[in-house]
Amino acid sequence: MSKPLKQIHLAAHFPGVNNTTVWSDPASGSHIEFSSFAHFARTAERAKFDFLFLAEGLRLREQGGKIYDLDVVGRPDTFTVLSALAAVTKHLGLTGTINSTFNEPYEVARQFASLDHLSGGRAAWNVVTSWDAFTGENFRRGGFLPQEERYSRAKEFLATAHELFDSWHGDEILADQDTGVFLRDAKAGAFVHQGQHFDIHGRFNVPRSPQGRPVVFQAGDSDEGREFAASDADAIFSRHATLEAGQAFYTDVKRRLATYGRRPDQLLILPAATFTLADTDAEARDLAKEVRRQQVSGATALRHLEFVWNRDLSGYDPDGPLPDIDPDVSSRHIAEGRAQVRMYRDPLATAREWRELAAAHNWSIRDLVIETGNRQNFIGSAETIARTIDEYVQSDAADGFILVPHVTPTGLDAFADQVVPLLQERGVFRTDYEGPTLRHHLGLAHPDDHRDRRAAS
């Protein structure tokens with residue numbers, strides 16, 4: 001008996017908080033004007049995507065004490081953008097990255113419950129952590145939280161937010177105009193939480209929203225991150241680009257669910273994925289090389305090399321050989337707060353490895369950064385990309401993908417027009433939305449379903 005076809009989940013990441021975006025491309029538009037967000041969201045909804053995703057940076061990227069303007073700089077407030085998009089879309093889920101290290105549960109729960117009401121049940125929260133003091137300098141809390149405690153705080157933060165969401169059951173508002181009685185239960189919204197990180201009590205002032213709770217996403221590849229996702233998240237992002245690596249990650253995370261009494265279908269694996277689409281596979285490969293050269297200019301290549309060398313390399317030729325001096329491992333890092341810095345735990349070993357690669361392939365600094373950096377996941381014609389995405393999902397390397405185009409806001413248009421119809425023809429992607437909420441799109445149960453079953457037993 002053949003295995004039934006899995007339905008593919010697709011989402012769209014509005015680019016800009018990474019160097020995927022080629023802001024210098026003539027086709028690139030604003031990354032702050034609302035018209036760009038609106039076009040991007042409407043394209044995703046036209047293609048029947050599950051949701052739009054906004055990343056967030058809590059501090060401007062800096063390098064050597066100066067604003068790093070080789071990537072896009074800045075982004076409007078996440079809740080403001082998502083709330084505005086709720087008014088120009090009807091079905092598309094609205095996912096925002098909100099930090100659990102520097103915010104407070106009450107304010108974040110209130111914002112997500114409000115967004116869920118405004119959107120008719122389409123809100124989702126990507127729960128992230130931050131441990132570095134550089135980012136923390138923007139906040140009252142500063143950088144005091146030790147790295148090993150960040151997931152401890154995140155888990156309690158999320159549990160506390162759930163207590164706030166659940167302080168309303170959904171049937172308290174009577175609003176009887178004849179009797180003048182508004183609430184059935186005068187204790188609605190009451191909460192008390194005492195824990196290691198939070199000690200709060202009071203009344204949550206937003207009644208239960210359409211989804212009960214926002215859909216919860218988690219992004220993290222560490223062992224702690226995988227456990228956090230297995231215990232509490234509805235979906236997890238990953239960065240594994242190859243089929244084999246994706247399958248290994250998928251198997252590992254899914255097997256962890258049983259420990260928490262959960263089924264494999266209760267957590268979706270949704271890697272971020274870039275794509276390069278052209279009329280033929282050969283044209284797409286040529287275009288992909290051109291895009292990578294745009295993404296990694298000479299100046300960008302030098303700044304990326306500084307992530308490892310921790311030295312000012314601006315005097316080096318990006319089309320020349322790697323520096324013959326070793327990385328500086330003794331001082332404060334030149335690229336504080338950059339996530340890439342944490343990827344290189346042993347800079348001296350990385351430098352040796354890169355010198356060997358460069359010598360073996362006759363690579364310049366720029367060539368090395370291009371070849372060792374992130375690559376496009378899907379390159380080819382519409383037929384090739386549709387087939388490859390389907391292969392990844394059917395072979396359990398993912399449940400779907402969060403697509404990140406390199407141009408904003410029109411970079412998703414061709415995928416929506418050319419690839420999505422082919423996936424629909426294969427019978428692996430919806431032709432229309434089947435329900436009003438993001439939980440419907442993702443095939444996730446409403447949190448009240450479990451509570452209702454428990455009450456009836």
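**Notebook: loops, helices and backbone angles**

I looked up Pro 409 first and found this residue in the loop between strand 17 (400-403) and helix 13 (413-425), where helices (H or I, at least four residues) and strands (E, at least two) are DSSP runs numbered from the N terminus. I noted that the model is predicted, that local features need pLDDT of at least 70, and that side-chain atom pairs count only at pLDDT 80 or more, while totals for chains, interfaces and linings use all residues. I also noted that residues are numbered from 1 along each chain as its sequence is written, and that side-chain values use heavy atoms, with hydrogens and water left out.

**Backbone**

What kind of peptide bond joins Thr 408 and Pro 409? I found a cis bond there, with omega at about 5°. For background, I wrote down that most peptide bonds are trans and that most residues other than glycine have a negative phi.

I then looked up Ala 175, which is not a glycine and yet has a positive phi near 50°; Ala 175 sits in strand 7 (residues 173-176). Ala 175 has 38% relative accessibility and therefore counts as partly exposed, the class between buried (under 20% relative accessible area) and exposed (over 50%), with a 1.4 Å probe and protein chains only.

Asp 396 is another non-glycine residue with a positive phi, of about 60°, and I located Asp 396 in the loop between helix 12 (382-394) and strand 17. Asp 396 is partly exposed, because its relative accessible area is 24%.

**Helix pairs**

How do helix 2 (residues 78-86) and helix 3 pack? Their axes are 9 Å apart and the angle is about 15°, the axes being lines fitted to C-alpha atoms, for helices over the stretch in contact, with angles from 0 to 180 degrees between N-to-C directions. Helix 2 is therefore roughly parallel to helix 3, since angles under 35 degrees count as roughly parallel, over 145 as roughly antiparallel, 65 to 115 as roughly perpendicular and the rest as oblique.

For helix 3 (residues 105-119) and helix 5 (residues 150-165), I noted an angle of about 55°, with axes 9 Å apart, so these two helices are oblique to each other.

**Helix 8**

I looked up Asp 281 last and found this residue in helix 8 (residues 281-295). At 28% relative accessibility, Asp 281 counts as partly exposed. From Asp 281 to Asp 185 I noted 96 residues in sequence and 63 Å in space, C-alpha to C-alpha.
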